Amino acid sequence: MGMILGIDVGISTTKIVGIRDMKVFSPLRITAADPVTSLYGAFGKYLYDNKIELSDVERVMLTGVGSAYIDKPIYGLPTDKAEEFVADGLGARFESKLDNIIVVSMGTGTSLVKCEGDSIQHIGGIGVGGGTLAGLSRILLKTSDIKQVATLAMQGDISKVNLLIGDISAHPLPGLPMNATASLFGNATADLAKEDIALGLIHMVLQSIGSASVLSALNSNIREFVMIGNLTLLPQCRDVYPLLEKLYKVHFRIPKYSEFCTAIGAALFYLKNK
């Protein structure tokens, strides 16, 4: 069997992976000014870096919002498209080795996909995600560079931003420990340091996504949440999600190739239907 290339085409960022013998090869991410430039740049670099000939590629599978701009075969190779939410589910199941999960795709906004056995169903989402973090950072911190925001946040103090249960109650409330968040930004003052603002913004976005994910599972037995997408790379995920796990008695999992799960799922879509 030849190499199957899964390509997740965003508006300016393209992620590409190769699948052969059910193994993931050399995930790559490229950013460019538009989806077509990003796609062809990623494709060319991937083949060059990995010494892959066009004849080695069995199928190119596209997914993502930017794939709508591509309406012809890539370099004459057999090319097809995978529905994005299905790709999310297939990639997250493959990476997590779990069958009954809710996939939390943390992109510009956040989409939620329920996987139960062979069933993959988009169940909704929220308009909070990387776009929210970038926009608010642009207003409050004069930058939309998420890496810069995350670096600033490492020096922040969340107790100066969020109001905790311990700030408003002398004793834990039923089901709510003293360190649970009572109000996001509820403790902020007008002279808040930019490091604290950065940390507060990241916590607000990650906590909102986590809480929405848990609520989406209330009518099911699912307690496993697989987080995928660019926001999973934020180091603050290691602080926020363990606290939510204890609070809600669930598991948030960030797989090895969390950033590339949708591209992986696109390749798996072809193999599944072959």
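This briefing describes the sheets, helices, cores, largest pocket and a few single residues of one protein structure. The model is predicted. One open sheet has five strands in the order β3-β2-β1-β4-β5, and another open sheet has five strands in the order β8-β7-β6-β11-β12. The largest nonpolar core holds 33 residues, and apart from it lies another core, of 19 residues. The largest pocket has a volume of about 1,100 Å³.

**The sheet with β1 to β5**

- Pairing is mixed in the open sheet with the order β3-β2-β1-β4-β5.
- Its edge strands are β3 and β5 (79-81), and each of them pairs on one side only.
- From one strand to the next, the twist of this sheet averages 20°.
- Strand β1 (residues 3-9) and β2 run antiparallel and are joined by six bridges.
- Within this part of the sheet, Ile4 stands opposite Ile19 in β2.
- Helix α8 (residues 261-273) lies across β1, β2, β3, β4 and β5. The helix runs at about 135° to β1.
- As general background, strands of a sheet pair through backbone hydrogen bonds, in either a parallel or an antiparallel way.

**The sheet with β6, β7, β8, β11 and β12**

- Pairing is also mixed in the open sheet with the order β8-β7-β6-β11-β12.
- The edges are formed by β8 (119-126) and β12 (251-253). Each has a single partner strand, so one side of each is left without a neighbour in the sheet.
- The twist here averages 25° from one strand to the next.
- Strand β6 (residues 101-106) pairs with strand β7 (residues 110-116) in the antiparallel sense, over six bridges.
- Val104 stands opposite Leu112 in β7.
- Helix α7 (residues 237-248) lies across β6, β11 (224-228) and β12. Its direction is at about 155° to β12.

**The nonpolar cores**

- Which residues of the largest nonpolar core touch the most other members? They are Phe225 and Tyr241.
- The elements that give two or more residues to this core are β6, α4 (146-153), α6 (194-216), β11 and α7.
- Helix α6 gives the most to this core, with nine residues.
- Leaving out residues up to four places away in sequence, Phe225 touches Ile102, Val104, Ser213, Val214, Ser216, Ala217, Val250, His251, Phe252 and Arg253.
- The core of 19 residues lies apart from the largest one, and includes Met3, Ile7, Phe43 and Ile70.
- In soluble globular proteins, nonpolar side chains tend to be buried together.

**The largest pocket**

- The largest pocket is lined by 44 residues.
- The lining residues closest to its centre are Lys15, Met106, Gly107, Thr108 and Asn230.
- Helix α4 gives the most to this lining, with four residues.

**Helix α3**

- The buried residues of helix α3 (residues 130-140) are Gly130, Thr132, Leu133, Ala134, Gly135 and Ser137.
- What covers these buried residues includes α4 and α6.
- Just after α3, Lys142 takes a positive phi of about 60°.

**Residues with a positive phi**

- Most residues other than glycine have a negative phi.
- Met22, which is not a glycine, has a positive phi near 60°. This residue is found in the loop between β2 (13-20) and β3.
- Met22 has a relative accessibility of 45%, so it counts as partly exposed.
- Lys51 is not a glycine either, and its phi is positive, at about 55°. The loop that holds Lys51 is between α1 and β4 (57-63).
- Is Lys51 buried or exposed? Lys51 is exposed, because its relative accessible area is 71% and the cut-off for exposed is over 50%.

**Ala32**

- Ala32 lies in the loop between β3 (23-31) and α1 (35-49).
- With a relative accessible area of 21%, Ala32 is partly exposed. Buried would require a value under 20%.
- Not counting neighbours within four places in sequence, Ala32 is in contact with Ser12, Thr37 and Ser38.
- Ala32 and Asn273 are 241 residues apart in sequence. In space they are 31 Å apart, C-alpha to C-alpha.

Technical notes
Residues are numbered from 1 along each chain as its sequence is written. This is a predicted model: local features need pLDDT of at least 70, side-chain atom pairs count only at pLDDT 80 or more; totals for chains, interfaces and linings use all residues. Side-chain values use heavy atoms; hydrogens and water are left out. Buried means under 20% relative accessible area, exposed over 50%, partly exposed in between (1.4 Å probe, protein chains only). Contact means heavy atoms within 4.5 Å. Two strands pair if DSSP finds at least two bridges between them. Axes are lines fitted to C-alpha atoms, for helices over the stretch in contact, and angles run from 0 to 180 degrees between N-to-C directions. A nonpolar core is a set of buried Ala, Val, Leu, Ile, Met, Phe, Trp, Tyr and Cys residues joined through side-chain atoms within 4.5 Å. On a 1 Å grid over the protein atoms alone, a cavity is a set of points where a 1.4 Å probe fits but cannot get out, and a pocket is an open set with protein on both sides within 12 Å along at least five of seven lines; lining residues have an atom within 4 Å of a point. Grid points are joined across faces, edges and corners, and a volume is the space filled by probe spheres set on the points.
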